[in-house]
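Please open the structure in the viewer and keep the selection panel at hand. The stops below are meant to be followed in order.

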Amino acid sequence: TEVHPMEFGFNDLTSDVAALWEAEAISESHLLGISFGGVISQGVAIDYAAKVKSLTLVSTTPKSAHLTSGTKLHELTPENVRKALENYVSRGFGERNPLLLNALLDQTAAGFKSEAKKAAAKAQRSAIGDFDFSTRLSELEFPVALIHGTEDQIVAPKAIEDFEQLLPQAKVFWLSGVGHLLLAECPKKFYEIVTDFLNTTAAQN
């Protein structure tokens, strides 16, 4: 199957969210982004602040300097992708859930056999590129939640220190002993944090 190169920029990623809001007649929204989705969410929150009621950033960073080489998954092959993906979870999770981890790794590695999926991942990473929202995040005034695993090997925990300086209103939730893939390691706790934050935000408004 011939794979045609895709070209789009960061503004295309953020404007897609705005276009969805417009299509669904959504005037305000709580915004949540995980990992690279968190990067896009920061751009959306800055460019469309009037539509954002709250922002939840998960396993993400305000600048690309805090990303490790593990984020370049599009450069991997099906043969070495499993080893790279092991860094996305904490060591303890793999030891406690070997069957679940193997299934997760196998499923993800299978996707790298598709040239179309690899091309899409490469195009997305290229669109995001090097970024630094430090000069704009301080403009945001709505409630913000920051959720991060203490054993995240993909986004350095120091990213949270930068967020706290830029977003003094932010509430920080650390998940002890958890890696980058929060939804895989502790989904119940994650949902509890998000639900409580949104309920508290709604009560204050």
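The tour visits the nonpolar cores, then the salt bridges, an unpaired acid, the aromatic rings and two loop residues. The model is predicted.

**The nonpolar cores**

Begin with Leu55, Leu137, Leu140 and Leu167, the residues with the most contacts inside the largest nonpolar core, which has 39 residues. At least two residues of this core come from each of α1, α2, β2 (52–58), α3 (81–85), α5 (98–111), α6 (115–128), β3 (144–149) and α7 (158–166). Colour α2 separately: this helix gives the largest share, six residues. In general, nonpolar side chains of soluble globular proteins tend to be buried together.

Next, centre the view on Leu140. Leaving aside residues up to four places away in sequence, Leu140 touches Ala45, Ile46, Ala49, Leu55, Leu167 and Gln169. Then select Val58, Leu175, Ile193 and Val194, which are among the nine residues of a second, separate core.

**The salt bridges**

How many salt bridges does the structure hold? There are three. Select Lys63 and Asp162 for one of them, where the closest N and O atoms are 3.7 Å apart. This pair connects distant parts of the chain, with Lys63 in the loop between β2 and α3 and Asp162 in helix α7, 99 residues apart. Lys63 is partly exposed at 21% relative accessibility, while Asp162 is buried, with a relative accessible area of 10%.

Add Lys158 to the selection. Its salt bridge with Asp162 also has closest N and O atoms 3.7 Å apart. Both residues of this pair, Lys158 and Asp162, lie in helix α7, four residues apart, about one turn of the helix. Lys158 has a relative accessible area of 43% and is partly exposed. Through shared partners, Lys63, Lys158 and Asp162 are joined into one salt-bridge network.

Move to Arg136 and Glu139, whose side chains form a salt bridge with an N to O distance of 2.7 Å. Both partners are partly exposed: Glu139 has a relative accessible area of 44%, and Arg136 one of 34%.

**A buried acid without a salt bridge**

Select Glu185, in helix α8 (residues 182–185). Which side chain of opposite charge is nearest to this buried residue? It is Arg96, 4.6 Å away, and Glu185 has no salt bridge. Because a salt bridge requires a nitrogen–oxygen distance within 4 Å, this pair does not count as one. Now show Ser90: its backbone nitrogen lies 2.8 Å from a polar atom of the Glu185 side chain. Beyond residues up to four places away in sequence, Glu185 touches Tyr88, Val89, Ser90, Phe93, Gly177, Val178 and Gly179.

**The aromatic rings**

The whole structure contains three aromatic pairs. In one of them, Phe131 and Phe133 are tilted, at 5.7 Å centre to centre and 35° between the planes. Phe131 and Phe133 are both buried. Add Phe10 to see the cluster that ring pairs form among Phe10, Phe131 and Phe133.

**Two positive phi angles**

Most residues other than glycine have a negative phi. Select Ala25, in the loop between α1 (10–23) and β1 (29–34); its phi is positive, about 55°. Ala25 is exposed, with a relative accessible area of 68%.

End at Ser35, in the loop between β1 and α2 (36–47). Its phi is also positive, near 60°, and Ser35 is partly exposed at 23% relative accessibility.

Technical notes
Residues numbered from 1 in each chain as written. Predicted model: local features only at pLDDT ≥ 70, side-chain atom pairs only at ≥ 80, totals over all residues. Heavy atoms only, no water. Phe/Tyr/Trp six-rings, centres within 6.5 Å; stacked < 30°, edge-to-face > 60°. Buried < 20%, exposed > 50% of the residue type's maximum accessible area, 1.4 Å probe, protein only. Lys, Arg positive; Asp, Glu negative; His and termini not counted. Polar contact = N/O pair within 3.5 Å; in protein donor to acceptor, adjacent residues only side chain to side chain. Contact = heavy atoms within 4.5 Å. Core = buried A, V, L, I, M, F, W, Y, C linked by side-chain atoms within 4.5 Å.
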